[in-house]
Amino acid sequence: MQTTLDLFDSLPPEPPRAVQIGTHAWVLKGFALPYVEQLLQALATIEAQAPFRQMITPGGFTMSVALTNCGALGWTTDRRGYRYAANDPESGQPWPAMPAVFLQLACAAAAAAGFADFVPDACLINRYVPGARLSLHQDKDEHSYDHPIVSVSLGIPAVFLFGGHTRSDKAQRIGLMHGDIVVWGGEDRLRYHGVLPLKPAEHPLLGARRINFTFRKAG
Ligand code: MD3
Ligand code: FE
């Protein structure tokens, strides 16, 4: 007998679509799907040079999210603060170069959301396991806020919190799935945002993991 669930499993994948969540903020559903194999292949090379690690916040807490970086600048945190740096603090070596496919995808997604000529110099790569979260914050460590930010989600789903310009503003909850991209810029660039604790789940390619690539022009 074919159940409703079996039928659902056999539906074709949804075509990509753009969902506007702010004046200059868009979710591009499924936009990264054609790039997944290349992204994961490049990630394996990056990880071999600069492994994921859980960093310490200035307040002394260990982040539940593990991170690494590629590109000219990498985001780091320790007891002394948050900053971008050219070298991996673990190895002292420059962060791995940004793979061409990363640049291509980030630039294409930014263009699809109305931001021409986006050339990121930093890609922060976050890895979540079930229970990991990112509390509400603003991205303020970049040199200029004039450039958009592009965020690519792979693996198990997450609920993204998209807040306002003050911490207490009510946040929208936005489900992000494997292959979804979010692009923010303009007046939405400094909105508070975060990620709710991930629910236990398994993804066929990534297991019980979520990977997020965040592309920025930081320098
Ligand atoms: C909303 N990471 O690393 S970027 C981060 O899913 C971070 O790991 C998210 O927030 C994650 O700082 C995805 C989401 C993001 C970035 C910039 C924004 C959301 C934003 C700027 C304005 C509003
Ligand atoms: Fe952020």
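This briefing introduces the overall form, the nonpolar cores and a few individual residues of one protein chain. The model is a predicted one, and its protein chain has three helices and 13 strands. The radius of gyration of the chain is 17 Å, close to the 17 Å that the globule rule gives for 219 residues, so the chain is as compact as a globular protein of that length.

**Overall form and surface**

- Measured out along its principal axes, the C-alpha trace of the protein chain spans about 60 × 40 × 35 Å.
- Of the 219 residues in the protein chain, 48% count as buried, while the area that the chain exposes comes to about 11,200 Å², with carbon and sulfur atoms supplying 57% of it.
- When contacts in the protein chain with a separation of 6 or more are considered, 73% of them are accounted for by residues 24 or more positions apart.
- The protein chain carries 19 positive and 19 negative charges, and the mean positions of these two sets are 8 Å apart.

**Nonpolar cores**

- In soluble globular proteins, nonpolar side chains tend to be buried together.
- The largest nonpolar core in this model has 32 residues, and those with the most contacts inside it are Phe 102, Ile 125, Val 150, Val 152, Ile 181, Phe 213 and Phe 215.
- At least two residues of this core come from each of helix H2 (36-49), strand E3 (66-70), helix H3 (100-112), strand E6 (122-128), strand E8 (149-155), strand E11 (181-184) and strand E13 (210-216), and H3 gives the most, with six residues.
- Leaving aside neighbours within four places in sequence, Phe 215 is in contact with a set of residues that includes Met 98, Phe 102, Ala 106, Phe 118, Ile 149, Val 150 and Val 152.
- A second, separate core has 27 residues, among them Val 27, Leu 124, Ala 132 and Val 182.

**Residues in loops**

- Leu 73 has its place in the loop between E3 and strand E4 (74-78), and its C-alpha atom is separated by 8.5 Å from that of Pro 94, although the two residues are 21 residues apart along the chain.
- Not counting residues up to four places away in sequence, Leu 73 touches Tyr 84, Ala 85, Ala 86, Trp 95, Asp 121, Ala 122, Cys 123, Ala 218 and Gly 219.
- Asp 88 lies in the loop between strand E5 (81-85) and H3, and Asp 88 is buried, because its relative accessible area is 2%, which falls under the 20% cut-off.
- With neighbours within four places in sequence left aside, the contacts of Asp 88 are Ala 50, Arg 53, Gln 93 and Trp 95.
- Asp 117 is found in the loop between H3 and E6, and Asp 117 is exposed, because its relative accessible area of 69% is over the 50% cut-off.
- The phi of Asp 117 is near 60°, a positive value in a residue other than glycine; as a general matter, most residues other than glycine have a negative phi.

**A residue in helix H2**

- Thr 45 has its place in helix H2, and at 48% relative accessibility Thr 45 counts as partly exposed.
- The C-alpha atoms of Thr 45 and Ser 64 are separated by 23 Å, and these two residues are 19 residues apart along the chain.

Definitions and conventions. Residues numbered from 1 in each chain as written. Chains lettered and ligands numbered in written order. Predicted model: local features only at pLDDT ≥ 70, side-chain atom pairs only at ≥ 80, totals over all residues. Heavy atoms only, no water. Helix = DSSP H or I, 4+ residues; strand = E, 2+ residues; numbered from the N terminus. Rg over C-alpha atoms; globule rule 2.2 N^0.38 Å. Buried < 20%, exposed > 50% of the residue type's maximum accessible area, 1.4 Å probe, protein only. Contact = heavy atoms within 4.5 Å. Areas by Shrake-Rupley, 256 points an atom, 1.4 Å probe, with all protein chains shown as cover. Lys, Arg positive; Asp, Glu negative; His and termini not counted. Charge placed at Lys NZ, Arg CZ, Asp CG, Glu CD. Core = buried A, V, L, I, M, F, W, Y, C linked by side-chain atoms within 4.5 Å.
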